[in-house]
Amino acid sequence: MTKKQQMIKDSAVDAYGTIYDSEYTKIARQAFLDGMIFWDMVKAGVVSEDMIDEDFFLMLREYNG
């Protein structure tokens with residue numbers, strides 16, 4: 001990821017987090033990031049429907065954290 005792409009990503013994450021009450025901002029930002037990573041994985045073809053379960057998302061959350 002280029003520096004410009006990272007700046008855009010950070011801006012999007014921050015903006016998304018602000019639409020929630022302050023007590024949920026951190027969680028909302030992290031969920032947004034997790035969703036971005038998940039969608040990149042789907043587009044890359046590394047995720048199949050049979051992989052999608054609670055364990056998959058726990059692994060994604062741990063990796064992305």
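In this predicted model, Tyr16 is in contact with Ala28 and Phe32, leaving aside residues up to four places away in sequence. Tyr16 itself belongs to helix α1. With a relative accessible area of 29%, Tyr16 is partly exposed, since the buried class ends at 20% and the exposed class begins over 50%. Looking back along the chain, Lys4 lies 12 residues from Tyr16, and the C-alpha atoms of the two are separated by 18 Å.

Helix α1 is a convenient place to start a tour of the model. Its 15 residues should span 21 Å at 1.5 Å a residue, and the end C-alpha atoms are indeed 21 Å apart, so expectation and model agree. Three residues of α1 are buried, namely Lys9, Val13 and Gly17. These buried residues cover an arc of only 65 degrees around the axis, and therefore sit on the same side of α1. Their spacing along the chain invites a general reminder. An α-helix has 3.6 residues a turn, so residues three or four places apart point the same way. The partner on the buried side is α2, against which the buried residues of α1 pack. On the face of α1 turned away from that buried side, the exposed residues Lys4, Met7 and Ile8 are found.

Charged side chains add further links, and the count of salt bridges comes to 3. One of them joins Arg29 and Asp14, with a distance of 2.7 Å from N to O. Because Arg29 lies in helix α2 and Asp14 in helix α1, this pair ties together parts that are 15 residues apart in sequence. Both partners are partly exposed: Arg29 has a relative accessible area of 31%, and Asp14 has one of 38%.

Another salt bridge brings together the side chains of Arg61 and Asp34, at 2.8 Å from N to O. This pair links distant parts of the chain, with Arg61 in helix α3 (residues 54-64) and Asp34 in helix α2, 27 residues apart. The two ends of the bridge fall into separate accessibility classes. Arg61 is partly exposed, with a relative accessible area of 30%, whereas Asp34 counts as buried because its relative accessibility is 13%, below the 20% limit for that class.

The remaining salt bridge is formed by the side chains of Lys43 and Asp40, at 3.7 Å from N to O. Here the two residues both lie in helix α2, 3 residues apart, or about one turn of the helix. Lys43 is exposed, with a relative accessible area of 58%, and Asp40 is partly exposed at 43%.

Attention turns finally to nonpolar side chains at the surface. Ile19, Tyr20, Tyr24 and Ile27 together make a nonpolar surface patch of about 430 Å². Within this group, Ile19 is placed in the loop between α1 (3-17) and α2 (25-44). Ile19 counts as exposed because its relative accessibility is 59%, over the 50% cut-off.

Methods
Residues numbered from 1 in each chain as written. Predicted model: local features only at pLDDT ≥ 70, side-chain atom pairs only at ≥ 80, totals over all residues. Heavy atoms only, no water. Patch = residues over 30% accessible without salt bridge, like charges linked within 9 Å, V, L, I, M, F, W, Y side chains within 5 Å. Areas by Shrake-Rupley, 256 points an atom, 1.4 Å probe, with all protein chains shown as cover. Salt bridge = Lys/Arg side-chain N within 4 Å of Asp/Glu carboxyl O. Helix = DSSP H or I, 4+ residues; strand = E, 2+ residues; numbered from the N terminus. Buried < 20%, exposed > 50% of the residue type's maximum accessible area, 1.4 Å probe, protein only. Expected span 1.5 Å × (residues − 1). Arc of directions from axis to C-beta. Contact = heavy atoms within 4.5 Å.
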